[in-house]
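Visitor: I would like to learn how to read a structure like this one. Where do we begin?

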Amino acid sequence: MNLSNNDFYYREVAELTASGGWKVDFINKESYLDPQARKILNLSEDFKPSLYKLIDLYAPKHRETAIKTFMDCSEGIPFETTVKMQRSNGEIFWVKAAGKPIYNNDNKIIGVQGVFRDINKEKLVEIEKKKEQKLLQSQNARLLNFAHIVSHNLRSHSSNFQLSLTLLNAVDDETEKKELMDGLLQISESLNTTISHLNEIVSVNSKTGGELKDVSFNEVFNDTINILSDVIKPSKAEFITDFTSLESIDYIPAYMDSIFLNIISNSIKYAHPDRTPTIKITTYTEGEDKLLVFEDNGIGVNLELYGNKIFNMYQTFHNNKNAVGIGLFMTRNQIEALGGTITIESTVDKGTKLKILLN
Amino acid sequence: MTNSSPIKLSCIIDDDDVYINLVKKIIDIKKLSENLLIFKNGQEALDYFKAIIENLNNEAFPEIILLDLNMPVMNGWNFLKEFTAIESPLKKKATLYIVSSSINQADINKSKEFSEVTNYLVKPVNIAEFEALFNSNKISA
């Protein structure tokens with residue numbers, strides 16, 4: 001096989017695998033990019049690469065790592081890594097890059113050379129897969145929790161029914177019989193409440209809450225304040241809101257209403273007795289992520305004790321008579337049904353921060 | 001059994017008001033225990049036990065403890081952990097039962113890790129079972 005043939009195969013392989021080559025020559029202080037590399041990076045043929053310009057070919061957030069990897073390589077450490085680069089039109093994409101030092105006959109490093117391959121499509125698929133996997137895991141965990149709820153809560157009602165009925169057979173006293181009958185009514189009411197909670201959750205998970213609409217955070221906030229005015233006024237709660245970075249989002253309006261309602265009413269329910277409740281609500285974007293954050297100065301919750309249970313159903317952590325343990329569970333279901341996540345940070349006696357990644 | 005002395009003091013740790021009322025009635029009707037302590041969660045019960053152990057108040061220590069698992073503030077597991085960590089000669093007196101509506105095998109297995117747990121009962125516990133449980137703990141005359 002002669003050289004020109006060899007060249008042909010290399011070119012074809014490079015084209016087929018979208019792989020570009022590069023080289024930095026320390027002796028002549030020159031940098032090279034082969035045609036395929038220029039094509040991938042969308043650079044013209046007359047683009048003259050230099051060490052400084054090469055750095056600009058990496059995505060801003062990855063430049064520091066790229067420099068370090070290059071420096072290490074120029075001291076003799078070969079590399080193989082996945083990194084984000086930037087095309088001349090500003091488009092950021094994933095590549096798999098490998099590089100090795102070039103040695104002269106005296107075993108001295110006189111340069112660095114390597115190849116990189118555009119793996120953007122594969123990488124995006126992989127990221128998407130990971131996201132879906134996480135979502136599936138969380139859905140599974142939710143289903144398991146749901147199954148436990150169905151088993152536990154329906155069982156406790158039915159067990160109370162059974163016990164009441166056997167007692168009813170065992171007592172003769174009319175007043176006691178009457179008391180037991182009243183008890184049966186109470187059990188039947190709690191059973192109904194449980195079933196309506198379960199129904200709500202099923203409907204959330206089948207996304208029957210309605211169509212996505214442009215939802216304004218400020219409007220939802222104002223509506224929530226109005227709805228909760230009876231509890232907010234006596235609490236003297238103060239609100240600090242900032243929706244300037246992200247004013248609205250495509251969401252199921254009923255879900256957003258419910259998220260605000262649940263979290264704000266929780267903050268008031270669990271306000272610290274020694275201070276005025278202050279509730280801070282902000283929205284912002286982080287890359288492509290849209291975030292909504294609620295922060296309060298309430299009594300907080302011990303996450304070491306309750307961490308993994310906080311968003312489960314019928315988990316109540318404070319001795320509060322009004323607590324039914326459905327609010328945060330519902331909130332999590334609504335957020336996750338639309339592909340988002342919710343995380344909590346909390347310090348006892350300091351307050352709680354709920355961070356919601358919307359989608 | 002009629003010759004044996006009845007249970008003087010027993011204890012329920014459970015957050016279900018309806019259930020508590022029913023058990024109270026059964027104990028009343030069947031005269032299973034002279035007195036009954038009721039705690040709505042593990043923390044309330046733990047505070048009580050710590051106090052009477054500190055005061056070496058033998059009389060105030062129940063002979064039977066019926067412990068629920070799923071409760072607010074402190075659940076049954078955390079109560080067990082804290083309770084079993086207390087060293088006291090008084091403690092030996094109590095027979096502890098878990099009474100829960102959880103049929104989760106993981107819960108049943110976990111209960112076996114605590115030597116203090118005499119048995120795991122799944123709700124509903126019927127009247128005959130309650131009678132048997134209390135009678136088996138009577139001190140024979």
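**Reading the fold**

Guide: Begin with the inventory. This is a predicted model. Chain A has 11 helices and 12 strands.

Visitor: What percentage of the residues in chain A is buried?

Guide: Of its 359 residues, 25% are buried.

Visitor: And how do I read sequence separation in the contacts of chain A?

Guide: Take contacts between residues at least 6 apart in sequence. In chain A, 59% of these join residues at least 24 apart.

Visitor: Now the sheet. What is the strand order in the open sheet of five strands in chain A?

Guide: Read across the sheet, not along the chain. The order is β2-β1-β5-β4-β3 in chain A, and the pairing is antiparallel. From one strand to the next, the twist averages 25 degrees.

Visitor: Which strands of chain A stand at the edges?

Guide: Look for strands with a single partner. In chain A these edge strands are β2 (30-33) and β3 (79-86), so each has one side without a neighbour in the sheet.

Visitor: How many bridges join β3(A) to β4 of chain A?

Guide: Eight bridges link β3(A) with β4 (residues 92-103) of chain A, and the two strands run antiparallel. To fix the register, pick one pair. A:Thr81 has A:Ala97 in β4(A) as its bridge partner.

Visitor: Which helix lies across β3, β4 and β5 of chain A?

Guide: That is helix α4 (residues 63-74) of chain A. Its direction is about 145 degrees to β3(A). The third strand it lies across, β5 of chain A, spans 109-118.

Visitor: Next, helix pairs. At what angle do α7 and α9 of chain A cross?

Guide: Check the distance, then the angle, then the hand. Helix α7 (residues 217-227) and helix α9 (residues 253-269) of chain A have axes that come within 9 Å and cross at roughly 50 degrees. An angle between 35 and 65 degrees counts as oblique, and α7(A) and α9(A) are therefore oblique to each other. The crossing of α7(A) and α9(A) is right-handed.

Visitor: Which residues of α7(A) and α9(A) meet?

Guide: From α7(A) come A:Val220, A:Phe221, A:Asp223, A:Thr224 and A:Ile227. They meet A:Met256, A:Asp257, A:Phe260, A:Leu261 and A:Ile264 of α9(A). By class, this contact of α7(A) with α9(A) has seven nonpolar residues, one polar and two charged.

Visitor: Last, the two chains. How many residues of each are in contact?

Guide: Count both sides. Chain B contributes 20 residues and chain A 22. On the chain B side, the largest share is seven residues from helix α1 (residues 17-30) of chain B. That side of chain B divides into 10 nonpolar, seven polar and three charged residues.

Terms used:
Residues numbered from 1 in each chain as written. Chains lettered and ligands numbered in written order. Predicted model: local features only at pLDDT ≥ 70, side-chain atom pairs only at ≥ 80, totals over all residues. Contact = placed C-beta atoms within 7 Å. Helix = DSSP H or I, 4+ residues; strand = E, 2+ residues; numbered from the N terminus. Nonpolar A, V, L, I, M, F, W, Y, C, P; charged D, E, K, R; others polar. Buried ≥ 20, exposed ≤ 12 C-beta atoms within 10 Å, placed from the backbone. Pairing = 2+ DSSP bridges. Axes fitted to C-alpha atoms, helices over the stretch in contact; angles between N-to-C directions. Parallel < 35°, antiparallel > 145°, perpendicular 65-115°, else oblique. Left-handed = near helix turned anticlockwise from the far one by under 90°.
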